[in-house]
Amino acid sequence: MSVIYLLLTLSILVAIVFFIAFIVSVKKGQYDDSYTPSVRMLFDDELVKENKN
């Protein structure tokens with residue numbers, strides 16, 4: 001039974017660490033990209049044409 005408590009504690013600690021890393025990356029602007037999604041469909045055709053040649 002003590003192993004379950006140990007694993008539960010460790011898994012919660014790992015989840016907290018990953019959550020903090022996610023929050024820090026969002027605050028630093030890691031996921032801020034307002035330009036690429038709007039033009040991604042314009043570049044898809046060019047990539048396909050290059051692969052066929």
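Select Y31 first: at 54% relative accessibility this residue is exposed (over 50% relative accessible area; under 20% is buried, in between is partly exposed, with a 1.4 Å probe and protein chains only). The model is predicted, so local features need pLDDT of at least 70 and side-chain atom pairs count only at pLDDT 80 or more, while totals for chains, interfaces and linings use all residues. Residues are numbered from 1 along each chain as its sequence is written, and side-chain values use heavy atoms, with hydrogens and water left out.

Add F22 to the selection; F22 is partly exposed at 42% relative accessibility. The structure has one aromatic pair. The ring centres of F22 and Y31 are 6.0 Å apart and the planes meet at 40°, so the pair is tilted (Phe, Tyr and Trp rings, the last by its six-membered ring, pair with centres within 6.5 Å; planes under 30 degrees apart are stacked, over 60 edge-to-face, the rest tilted).

Next, select S25. This residue sits in helix α1 and is buried, at 17% relative accessibility. Beyond its neighbours within four places in sequence, S25 is in contact with Q30 and Y31 (heavy atoms within 4.5 Å).

Now go to V3, in helix α1, residues 2-27 (helices are DSSP runs of H or I, at least four residues, and strands runs of E, at least two, numbered from the N terminus). V3 is exposed, with 52% relative accessible area. Extend the selection to L6, L7, L8, L10, I12, L13, I16, I20 and V24: with V3 they make a nonpolar surface patch of about 910 Å² (Val, Leu, Ile, Met, Phe, Trp or Tyr side chains joined within 5 Å, each residue with over 30% relative accessible area and no salt bridge).

Then select residues 6-26, which an unreviewed UniProt entry labels "transmembrane region"; such annotations may be inferred rather than shown by experiment. This stretch is 100% helix and 0% strand, with its end C-alpha atoms 30 Å apart.

Finally, show the whole chain, which has two helices and zero strands. Of its 53 residues, 4% are buried. Its accessible surface is about 5300 Å², with 67% belonging to carbon and sulfur atoms (Shrake-Rupley method, 1.4 Å probe).

Definitions and conventions:
Patches are made of residues with over 30% relative accessible area and no salt bridge: like charges are joined within 9 Å, nonpolar side chains (Val, Leu, Ile, Met, Phe, Trp, Tyr) within 5 Å. A salt bridge is a side-chain nitrogen of Lys or Arg within 4 Å of a carboxyl oxygen of Asp or Glu.
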